[in-house]
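User: Please take a close look at one part of this model and describe how it sits among its surroundings. Then carry on to other parts in the same way, with the cut-offs given.

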Amino acid sequence: MLTADDHQHMARALRLAARGLYTTDPNPRVGCVLVREGQVVGEGWHERAGEGHAEINALRQAGERAAGATAYVTLEPCCHHGRTPPCSQALIAAGVMRVVAAMQDPNPRVAGNGLAELQAAGVATDSGLLAAEAEQLNPGFVMRMQHGRPWVRCKLAMSLDGRTAMQNGESRWITGEAARRDVHHLRARSSAIMTGIGTVLADDPSLTVRLEEGGDAVPFLQPLRVVIDSRLRIPPTAKLLDMPGETLILTGSTDANREAMLARPGVSVDTLPLNAAGRLDLRAVLRYLGGTGINEVHVEAGSILCGALLADRLIDELVIYMAPHLMGDAARGLFVLPGLQHMAQRIDLSIQDVRAVGRDLRIRARLADQPGGP
């Protein structure tokens, strides 16, 4: 039977896992606490892909005190060789007597086998403790392992009357500085920032994380920038092509001359099939990104791409910043959603969270009838 102490130690492991929020990609965020005779003897979390997993870091801290301990780990210990050896074997070798996992690993290469391997070696196991909280730390990893595509988070900024830009396209700045800082944390936790060619042509964005200074400074990896550009219209002078990190342009064009004009370090162009409307199939785009190890996609785009993702039910989470001002009925809206003519066709949302961020409100929502997820 799981005890109050078990809950306390797993909660600590989850807090440790969150320290890797910006740096573990494409691996999951995982924390581990080793407890022997009621005393914590080792702690660790996965800090960066290719480096020690949470269990290994906790075992290293515990040393010989790991023998006879209970390991609280937020994800089932791996049992296969990747960039690092299996954590299940390390726990067995260290003499750990019990392992409590928050959730089973959705990776088919593990999927219960890690716990089974521990049990076969005589290690007692439990799983499911604070599982929902563990899934919330890794929505993209779970989505990619279970469905082959990333978790899609769509960020939008709007006025109180639901407008995202003036009629002439002017949109800086709808929200205040605190909300804009908050967005950089969302960018930093993402594997990729995706936009459409319309936004690139209109705004020439950088699409980088800028959290290097002040109270917001955190270690992070610069996410991949993804541009949806069916006809390869992106100009060679686009700012995001020369920003730190890498840029991927997804297109249906086979124009070798235009592709050659974009050639430079850190920029790649990949061609995907176009649909009957002459646009990239967004489901195919997400499957492609999932196949490259992308866990979380952060969308910052205009009403056309956001509307297309919403119409295809490919948005898993909406993050909407609402500013306390009015922009008028001639200003631009959040989504282009042709075909909605009757109240019965409304797209219902389920509000998950509302909170103040500076002078603005941040609303997190999901599609109301979307199957439950992390």
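Analyst: T24 is placed in the loop between α1 (4-17) and β1 (31-36); helices (H or I, at least four residues) and strands (E, at least two) are DSSP runs numbered from the N terminus. The model is predicted, with local features needing pLDDT of at least 70 and side-chain atom pairs pLDDT 80 or more, while totals for chains, interfaces and linings use all residues. Residues are numbered from 1 along each chain as its sequence is written, and side-chain values use heavy atoms, leaving out hydrogens and water.

T24 has a relative accessibility of 1% and counts as buried (under 20% relative accessible area; exposed is over 50%, partly exposed in between, with a 1.4 Å probe and protein chains only). Apart from neighbours within four places in sequence, T24 is in contact with R29, H46, E47, R48 and A49, where contact means heavy atoms within 4.5 Å.

β1 appears again around helix α2 (residues 54-62), since the cover over the buried residues of α2 includes β1, β2 (39-45), β3 (70-73) and α3. The buried residues of α2 are A54, E55, N57, A58, L59 and A62. Just after α2 comes G63, with a positive phi of about 60 degrees.

α3 (residues 87-94) also packs with α4 (residues 113-120): their axes come within 9 Å and cross at roughly 20 degrees. Axes here are lines fitted to C-alpha atoms, for helices over the stretch in contact, and angles run from 0 to 180 degrees between N-to-C directions. That crossing angle makes α3 roughly parallel to α4 (under 35 degrees; over 145 is roughly antiparallel, 65 to 115 roughly perpendicular, the rest oblique). On the α3 side, S88, Q89, L91 and I92 meet G114, E117 and L118 of α4. The residues of this contact divide into three nonpolar, three polar and one charged; Ala, Val, Leu, Ile, Met, Phe, Trp, Tyr, Cys and Pro count as nonpolar, Asp, Glu, Lys and Arg as charged, and the others, Gly among them, as polar.

Helix α6 (residues 139-147) is largely enclosed by the rest of the structure, because seven of its nine residues are buried. Those buried in α6 are P139, G140, F141, V142, M143, R144 and M145. They pack against α5 (131-137), β6 (151-159), α10 (282-291) and β11. G148 follows α6 and has a positive phi, near 75 degrees.

β11 (296-299) leads to the next site: E300 lies in the loop between β11 and α11 (303-311). E300 is buried, at a relative accessible area of 11%. Its side chain makes a polar contact with the side chain of R187 at 2.8 Å; such a contact is a pair of N or O atoms within 3.5 Å, where within protein one must be able to donate a hydrogen and the other to accept it, and residues adjacent in sequence count only if both atoms are side-chain atoms. A second polar contact, of 2.7 Å, joins the side chains of E300 and H298. Leaving aside neighbours within four places in sequence, E300 contacts K155, V183, R187, M194, T195 and L207.

The last site is V267, in strand β10 (residues 267-271). V267 is buried, with a relative accessible area of 15%. Not counting residues up to four places away in sequence, V267 touches L241, T247, I249 and L262. The C-alpha atoms of V267 and R225 are separated by 9.4 Å, the two residues being 42 apart along the chain.
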